[in-house]
Amino acid sequence: VMNKVMAWSECTIKIGATPEGETMATELTEIKEPKYQSTTLESEDGDVLEAIKEGGQRVGYEKLPGALTLKTRIIEPDDELFKLLGLGEAETSSSATGEFNVKSHVVPKYFSVEVTPAHDGAKGIRAPKCSVSFQFGYSTQEGNYADLTFGILDGAAGYWYKRFTVKKV
């Protein structure tokens, strides 16, 4: 009897700059603290191509690959996340007191992402090339937060993403 191991509950998200050749990054940094129940990996339908002949009968049909998107909300993002994503730098003036200069919310490079579920035997993913969208916000209920969206891209690595089985040591 085969046991199903669910990939739900906690997960760890690690990212690293996609290297030349668009392979999976070997140096990954864990993103701290994803908000409870905010992380999703969703597939979207691709375009539909169809040919219809005179009279309305369909004579050809094909559904193209869609998109795969990872989304998460980070609680109280630190300056290290802004720096890692290339969004700014620490203030270096003599009067600076732990200030950080944000120059943009546009992430200028591609990142590899790894999502590892908490349960031994569950399936995680590794995607070598992702476009990252960053949105910073604040609310009286949540404090500071950052919404990260990873558009998983088809790159030169020869695969879209890999599924792997979690093996706890």
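In the predicted model, serine 9 is exposed, with a relative accessible area of 62%. This value lies on the exposed side of the cut-off because exposed denotes a relative accessible area over 50%. Serine 9 belongs to the segment that precedes strand E1 (11-17). Its backbone is marked by a positive phi of about 75 degrees, although serine 9 is not a glycine. Most residues other than glycine have a negative phi.

A positive phi also occurs at glutamine 37, a residue other than glycine, where the angle is near 60 degrees. Glutamine 37 is located in the loop that runs between strand E2 (29-30) and strand E3 (40-44). Its relative accessible area is 67%, and glutamine 37 is therefore classed as exposed.

Threonine 72 was examined for its setting and its contacts. The residue is placed in strand E6, which spans residues 67-75. With a relative accessibility of 3%, threonine 72 counts as buried, because the buried class comprises values under 20%. The side chain of threonine 72 forms a polar contact with the side chain of threonine 39, at 2.7 Å. Thr39 also appears among the residues in contact with threonine 72 when neighbours within four places in sequence are left aside. The other residues in this set are Ile13, Pro34, Ser38, Ala146, Asp147 and Leu148. Threonine 72 in strand E6 is thus a buried residue, whereas serine 9 and glutamine 37 are exposed.

Notes: Residues numbered from 1 in each chain as written. Predicted model: local features only at pLDDT ≥ 70, side-chain atom pairs only at ≥ 80, totals over all residues. Heavy atoms only, no water. Helix = DSSP H or I, 4+ residues; strand = E, 2+ residues; numbered from the N terminus. Buried < 20%, exposed > 50% of the residue type's maximum accessible area, 1.4 Å probe, protein only. Polar contact = N/O pair within 3.5 Å; in protein donor to acceptor, adjacent residues only side chain to side chain. Contact = heavy atoms within 4.5 Å.
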